[in-house]
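Okay, thanks for squeezing me in. Let me put the thing up on the screen, and then I'll walk you through it.

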Amino acid sequence: MPYEPKQEFSLAGETAVPDRWWLTFNDPTLNILVDSALEANLPLKIAWYQVDEARAVVEIASSARVPDLFLQLQSGVSRPEPDFAGGENTQLRLGASYEADLWGRIRYSVHAEEYRFQASYYDYKTAAVTLTSEVALAWFRLKANSIQLELVDEQLETNEQVLALIRNRFASGQVRGVDVLRQQQLIENTMQQRITLELQRELLENQLSVLLGQPPGEMATVPAQLPDLPPLPQTGVPLQLVNRRPDVQSSFYLLQATDREVAAAISNKYPRLTLSLNAALRSNDLIGLAQSQAISIGSSLLAPLFYGGRLSAQVDQAEAIRQQQLNDYGQTVLIAFQEIENALVRETKQVQQIEVIAKQVELAEKTYGQLRIEYLNGFTPYLDVLVTLNQLQQLRRELVNTRLGLLEIRIELYRALAGGFETEREVESGEETQEL
């Protein structure tokens, strides 16, 4: 192997990861959205029909294992020939041919297509896992957007109240006019942030609608509440991950397919034995067909002598492709390990950031409250109050984004750990894959 597998991950929880990992968030709406996406998402349907295509290719390749049989009825006009008068004649011909698979060329080719079918099936399961994560991300981002909009509206209300207070103090000559302008500027800045959030909401709604296989459009009311983070899941042994992740399984089966294609290319350099059988009925009219019969049995041995090096080059090409896929498989496994380790490290640091920002929000609230009292008593310039208020409002918005980021990291961890799960499409079709 081109890499040394890890023995264990840096962190591990105690809760097993369910195949339908999104259920751990206890969000009924999310469950409905995921189910709808798995049923109606168009790219996922495309991936399913690619599985059907791969299955058909297997059947095409497998047909070479049985003899070809054909029936031909031919009618035409001919010149006089021995034993036949000139004019119309009719011929009914039954033929069969079969290539004896002496060196396994056909067998290896069929196995290669069977492995490609398996890889296509796991590509579908990978697409399903990816789709569920995209739906969950879009949904939680919409919920965070709703929280941000409520927060901005509260901040606008607060800023308007502060502006009214400053205007009253300005009217009585207690503050300068520049304080009014600065507070108005803060309100306009908050309005700009609200416009940005409204745009973000519309884009997220459009994205989620397309994921659900629907035209872009506005969604129903989105709750302004993020779910609690579920307990850290079990990461398991890294080598077990290789047997669980569908993208790794797909890469493995592609490697097996290229290995069989190398064997088929080598077998193609050896002689081919073809057996044939022909039976014919011929007459000048349909009634007399049974009166003239002919049967022939033959065989042919085709041994390649000189093909300009083409057959050897085909073997070299197949081997080069196999080496590419071998390294691609190794890289796929390494990336799987990397994704899990990255998610574990990021989650740890994200939790720490949330704690730090929450502490900053608490301190900023206390500072703003104290400075506001001092400002009202004429001990502090308004600029200090304004700077602190602006910082407080930014920290509150940043805290929401950081909590959303923690959920996004957890979703990435679930996706990195996820194995395959059966979709309704698989259940209805009775799709089954077996180890070859």
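So, start with Arg-107: this arginine lies over the face of Tyr-108, and the distance to the ring centre is 4.9 Å. Before I go further, keep in mind that this is a predicted model.

Staying with rings for a moment. How many aromatic pairs does the structure hold? The count is 11. One of them is Phe-25 with Tyr-414, an edge-to-face pair with 6.0 Å from centre to centre and 85 degrees between the planes. Phe-25 sits in the segment before α1 (28-40) while Tyr-414 belongs to helix α8, so this pair ties together parts that are 389 residues apart in sequence. And are those two buried or exposed? Phe-25 is buried, and Tyr-414 is buried as well.

Another edge-to-face pair is Tyr-121 with Tyr-122, at 5.6 Å centre to centre and with 75 degrees between the planes. Buried means under 20% relative accessible area here. Tyr-121, with 5%, is therefore buried, and Tyr-122, at 15%, counts as buried too. Both tyrosines belong to one aromatic cluster, together with Tyr-115, Phe-252, Tyr-253 and Tyr-329.

Now back to Phe-25, which turns up in a couple of other places. One is a contact in space with Asp-228: the C-alpha atoms are 7.2 Å apart, though the two residues are 203 apart in sequence. Asp-228 itself is in the loop between α4 and α5 (238-242). With 68% relative accessible area, Asp-228 is exposed, whereas Phe-25 is buried.

Then there's Asn-26, also in the segment before α1. Its phi is positive, about 50 degrees, even though it isn't a glycine. For context, most residues other than glycine have a negative phi. Asn-26 is exposed, with a relative accessible area of 67%.

Next, the hydrophobic part. The largest nonpolar core has 42 residues. Which residues have the most contacts inside it? That list is Trp-21, Phe-25, Leu-30, Leu-38, Val-135, Phe-140 and Leu-208, so there's Phe-25 again, as one of the best-connected members by contacts in the core. The helices giving at least two residues each to this core are α1, α2 (42-62), α3, α4 (177-211) and α8. The largest share is from α3, which puts in 15 residues.

On to the holes. There are 2 cavities of 30 Å³ or more in the structure. The largest has about 60 Å³ of space. Its lining includes Trp-103, Arg-105, Tyr-270 and Arg-272, and the elements that give two or more residues to that lining are the strands β2 (87-100) and β3 (272-283). By class, the lining divides into 6 nonpolar, 2 polar and 4 charged residues.

The second largest cavity has about 50 Å³ of space. What lines that one? Val-162, Leu-165, Ile-166, Tyr-368, Arg-372, Tyr-375, Tyr-382 and Val-385 do. Here the lining comes from helices, with at least two residues from each of α3 (105-171), α7 (310-376) and α8 (382-417). The class split is 7 nonpolar, no polar and 1 charged.

While we're on α7, have a look at Glu-341, which is in that helix. Buried or exposed, for this glutamate? Its relative accessibility is 16%, so Glu-341 counts as buried. The C-alpha of Glu-341 is 9.6 Å from the C-alpha of Ala-416, and the two residues are 75 apart along the chain.

Let me zoom out to finish. The chain has 9 helices and 4 strands. Reading along the sequence, you get α-α-β-β-α-α-α-α-β-β-α-α-α. And of the 436 residues in the chain, 40% count as buried.

If you take away one residue, I'd make it Phe-25: it pairs edge-to-face with Tyr-414, it is listed among those with the most contacts in the largest nonpolar core, and its C-alpha is 7.2 Å from that of Asp-228. That's it from me, so go ahead and poke at the picture.

Methods: Residues are numbered from 1 along each chain as its sequence is written. This is a predicted model: local features need pLDDT of at least 70, side-chain atom pairs count only at pLDDT 80 or more; totals for chains, interfaces and linings use all residues. Side-chain values use heavy atoms; hydrogens and water are left out. On a 1 Å grid over the protein atoms alone, a cavity is a set of points where a 1.4 Å probe fits but cannot get out, and a pocket is an open set with protein on both sides within 12 Å along at least five of seven lines; lining residues have an atom within 4 Å of a point. Grid points are joined across faces, edges and corners, and a volume is the space filled by probe spheres set on the points. Ala, Val, Leu, Ile, Met, Phe, Trp, Tyr, Cys and Pro count as nonpolar, Asp, Glu, Lys and Arg as charged, and the others, Gly among them, as polar. Rings of Phe, Tyr and Trp (its six-membered ring) pair if their centres lie within 6.5 Å; planes under 30 degrees apart count as stacked, over 60 as edge-to-face and the rest as tilted. Buried means under 20% relative accessible area, exposed over 50%, partly exposed in between (1.4 Å probe, protein chains only). A charge sits over a ring if NZ of Lys or CZ of Arg is within 6 Å of the ring centre and within 35 degrees of the ring normal. A nonpolar core is a set of buried Ala, Val, Leu, Ile, Met, Phe, Trp, Tyr and Cys residues joined through side-chain atoms within 4.5 Å.
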